[in-house]
Amino acid sequence: QVQLVESGGGLVQAGGSLRLSCAASGRTFSNYAMGWFRQAPGKEREFVAAISWGGGVIDYADSVKGRFTISRDNAKNTVYLQMNSLKPEDTAVYYCTASRTIATMDRGSWGQGTQVTVSS
């Protein structure tokens, strides 16, 4: 199992930017696809972005395309989520995930989450 620790959340005004980081340990990081999900108050958890083990395949939710960028540094065992042009509706707890494939991202290992709050 992969252990995941997110960081970088916080409070930002609408239009601002944040970069989330997720540090992985416990298994060979480069063997895993990595992803981000989020859960807003009163809503179900939803997919945000995912990246394959080598970075060659990337997927985004329609709601964040063009604003968010997922990337990974296998040498640092870390995946990032650069979030630009943030909107109040991006407010949520953001979770990092690790799985063997992007298709099974929601069934892999999860971090504890980091809060992102976007004020209007």
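Which side chain does Arg38 meet in a salt bridge with an N to O distance of 2.9 Å? That would be Asp90. Keep in mind that this is a predicted model, and let's start with the overall picture before coming back to that pair.

The protein has 11 strands and zero helices, so to speak β from end to end when you read along the sequence: β-β-β-β-β-β-β-β-β-β-β. Its C-alpha atoms fill a box of roughly 40 × 25 × 25 Å along the principal axes. The radius of gyration is 13 Å, which agrees with the value near 14 Å that a compact globule of 120 residues would have. Of those 120 residues, 44% are buried. Among contacts with a separation of 6 or more, 56% join residues 24 or more positions apart. The accessible surface comes to about 6,000 Å², with 47% of that belonging to carbon and sulfur atoms.

Now back to the charges. The structure holds five salt bridges, and Arg38, Glu46, Arg67 and Asp90 are linked in a network of them. Take Arg38 and Asp90 again, at 2.9 Å. Arg38 sits in strand 4 (residues 33-39) and Asp90 in the loop between strand 8 (78-83) and strand 9 (92-99), so this pair ties together parts that are 52 residues apart in sequence. Asp90 also forms a salt bridge with Arg67, with the closest N and O atoms 2.7 Å apart. That pair links distant parts of the chain too: Arg67 is in the loop between strand 6 (58-60) and strand 7, 23 residues from Asp90. On its other side, Arg38 meets Glu46 at 2.6 Å, N to O.

How covered up are these four? Asp90 is buried at 0% relative accessibility, Arg38 is buried at 5%, and Arg67 is buried at 10%. Glu46, with 36%, is partly exposed.

Arg72 makes a nice contrast. This residue, in strand 7 (residues 68-73), is buried yet has no salt bridge. The nearest side chain of opposite charge, Asp73, is 8.3 Å away, and a salt bridge needs the nitrogen and the carboxyl oxygen within 4 Å. What the Arg72 side chain does reach is backbone: a polar atom of it lies 3.0 Å from the backbone oxygen of Phe29, and the backbone oxygen of Trp53 is at 3.5 Å. Leaving aside residues up to four places away in sequence, Arg72 touches a set of residues including Tyr32, Met34, Ile51, Thr78 and Val79.

Key
Residues are numbered from 1 along each chain as its sequence is written. This is a predicted model: local features need pLDDT of at least 70, side-chain atom pairs count only at pLDDT 80 or more; totals for chains, interfaces and linings use all residues. Side-chain values use heavy atoms; hydrogens and water are left out. Helices (H or I, at least four residues) and strands (E, at least two) are DSSP runs, numbered from the N terminus. Buried means under 20% relative accessible area, exposed over 50%, partly exposed in between (1.4 Å probe, protein chains only). Lys and Arg count as positive and Asp and Glu as negative; His and the chain ends are not counted. A polar contact is a pair of N or O atoms within 3.5 Å; within protein, one must be able to donate a hydrogen and the other to accept it, and residues adjacent in sequence count only if both atoms are side-chain atoms. Contact means heavy atoms within 4.5 Å. The radius of gyration is taken over C-alpha atoms; the globule rule is 2.2 Å times the number of residues to the power 0.38. Accessible areas come from the Shrake-Rupley method with a 1.4 Å probe; for residues, only the protein chains shown count as cover.
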